[in-house]
2 protein chains.
Amino acid sequence: MSEQGVWQGLPEAIQARIRDGSQVVDIAAGEVLFRAGDGCRGLPLVVTGTVRVQMTGASGHSIVLYRVEAGDVCTLSIGCLMTGAGYRAEAVTESPVTVQLLPVVLFEQLMAQSPEFRQVVMAAYGRRLDDLMLLVEEVAFRRMDERLAEWLAGHRPRGEIRITHQQLAVELGTAREVVSRLLKELEHQGQLQLGRGVIRFLASSTSSA
Amino acid sequence: MSEQGVWQGLPEAIQARIRDGSQVVDIAAGEVLFRAGDGCRGLPLVVTGTVRVQMTGASGHSIVLYRVEAGDVCTLSIGCLMTGAGYRAEAVTESPVTVQLLPVVLFEQLMAQSPEFRQVVMAAYGRRLDDLMLLVEEVAFRRMDERLAEWLAGHRPRGEIRITHQQLAVELGTAREVVSRLLKELEHQGQLQLGRGVIRFLASSTSSA
DNA sequence: GGCGCTCAGTGACTAAGTCACAGTCCCCGG
DNA sequence: CCGGGGACTGTGACTTAGTCACTGAGCGCC
């Protein structure tokens, strides 16, 4: 999949207008794109890199809601543009990110003129809604040890991951201590080895026969 | 606010097309409009009544995600129409409901032709996203007794409410036993009086000075 | 009046979250 | 090279929430 994957199915004329009318911005890793309460000035599309969207509760705890990957439009921004309300969550770049910023006017025009563009935008919205519904179910009903195991399984191929217990707690929407204890348990079981800021997976007998 | 509040800002010509092209359906209370996995056949707008949208986890537990009130379009259906995927949640009427069903073709036309229509639809989407984000925060971080108290406070003006502990548990996404115990506690404190399927609020000294 | 169903209450236990604090690793400046 | 401070991790003690198993109460209906 090449850059700007979302627009690929669109007619060339539309793609050209997007290229001409939008502004491309490069942002370093770890930057905050917007915070809760900010207003927004255009529709961002992530061209390369990943943006993490998370929210912080009154208690000061945070949880990762979803990620905007290369080729995704920021649905949160659409909501802001439409209702005029500020963002409810915050967005942080996880890697160096290239963002294409469509001005509101162009966005409006394209929504009016291109069925394909509308399709792309609405589908993106639908997926986000789905993501959040899934997350609600996870948080409300699933056990922490299961969720942690699943998260780890998704990152296992890397052999080791650099992450603090605190960050992992935010991924799962729980407390640091809970993560620490569950990880310690897994370490005792010989599934992994813990270091400061790193989790190393051990090649246990689970991988192959 | 009269019927079909969402369309009110729209040009009369558009409103007429909506009236002519859509089908109006009356549904009794307690009916299931769609279940998880169903496909969908048009864009429903709730004209009168309330529809509850909830999902059920693998564990068999359910949680109420949000309600579609009179004047709201069903964003979940838009997602289904766009992506072709089935619903992830289920919708149940809470009262006798009148629904206006826009055929997909008309929906597409209106999205293309009416900026006001687009605005209404996108804003509805934005609000849903907000609702769900708020819910995630609630479920992940807030205490059950607080959430229950808040729910009760919202229904207090009615004097008494007819609801089972099980239903209340689904509202909050918790277990029936938890609700029972918390309610019992409030009863001991003299804030309310419990009956089979009913909660009566007692006029304690909290209301006025 | 007894049968069966739904609803509510409860004890015992496990899981998760909170609080407080101790230990450890690591960088950085002196 | 050493010491101090900050970030990260470990842990005990306790509270809150969820689970399981079961009892009993209310209520409609033969």
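Me: How many residue pairs are in polar contact between domain 1 of chain A and domain 2 of chain A?

Reply: There are 3 such pairs, both residues in each being at pLDDT 80 or more. A polar contact means N or O atoms within 3.5 Å; within protein, one must be able to donate a hydrogen and the other to accept it, and neighbours in sequence count only if both atoms belong to side chains. On the domain 1 side of chain A, β4 (51-56), β5 (62-68) and α4 (115-141) each bring at least two residues to the face touching domain 2. β5(A) gives the most, with 4 residues. By class, that face has 3 nonpolar, 2 polar and 3 charged residues. Here Ala, Val, Leu, Ile, Met, Phe, Trp, Tyr, Cys and Pro are nonpolar, Asp, Glu, Lys and Arg are charged, and the others, including Gly, are polar. Helices (H or I, at least four residues) and strands (E, at least two) are DSSP runs counted from the N terminus.

Me: What sort of model is this?

Reply: It's a predicted model, in which local features need pLDDT of at least 70, side-chain atom pairs count only at pLDDT 80 or more, and totals for chains, interfaces and linings use all residues. Residues are numbered from 1 along each chain as its sequence is written, chains are lettered from A and ligands numbered from 1 in the order written, and side-chain values use heavy atoms, leaving out hydrogens and water.

Me: What are the bounds of domain 1 and domain 2 in chain A?

Reply: Domain 1 covers 5-140 and domain 2 covers 143-201, with bounds from an automatic or database domain assignment. Their C-alpha centres lie 29 Å apart. Still, 8 residues of domain 1 are in contact with 6 of domain 2, contact being heavy atoms within 4.5 Å.

Me: What makes the pair Glu171(A) and Arg67(A) a salt bridge?

Reply: The term asks for a side-chain nitrogen of Lys or Arg within 4 Å of a carboxyl oxygen of Asp or Glu. The N to O distance for Glu171(A) and Arg67(A) is 2.6 Å, so the pair passes the rule. Between the two domains of chain A, the count is 2 salt bridges.

Me: How do you know how much area chain B and chain A bury between them?

Reply: Buried area is the accessible area (1.4 Å probe) that two parts lose on being put together, summed over both. For chain B and chain A that comes to about 3600 Å², with carbon and sulfur atoms giving 76%. Met122(B), Met133(B) and Phe141(B) supply 20% of what chain B buries against chain A, more than any other three residues. In contacts, 40 residues of chain B meet 39 of chain A.

Me: Which residue of chain A forms a salt bridge with Arg88(B)?

Reply: That's Asp130(A), with the closest N and O atoms 2.5 Å apart. Across the interface of chain B and chain A, the rule finds 3 salt bridges. There are also 4 residue pairs in polar contact, both at pLDDT 80 or more. β5 (62-68), α2 (75-83), α3 (104-113) and α4 (115-141) of chain B each supply at least two residues to the side touching chain A. The largest share, 19 residues, comes from α4(B). By class, that side of chain B has 24 nonpolar, 10 polar and 6 charged residues.

Me: Why are the two copies said to be related as by a rotation axis?

Reply: A rotation of 180° with 0.0 Å of shift along its axis superposes chain B on chain A, with RMSD 0.0 Å. The two copies are therefore related as by a two-fold rotation axis. The same surface serves both, as 98% of the contact residues of chain B recur in chain A. The fit is by least squares on C-alpha atoms of residues with pLDDT of at least 70 in both copies.

Me: How far apart are the closest N and O atoms of Arg127(B) and Asp72(B)?

Reply: They are 3.6 Å apart, and the pair forms a salt bridge. Arg127(B) lies in helix α4 of chain B and Asp72(B) in the loop between β5 and α2 of that chain, so the pair ties together parts 55 residues apart in sequence.
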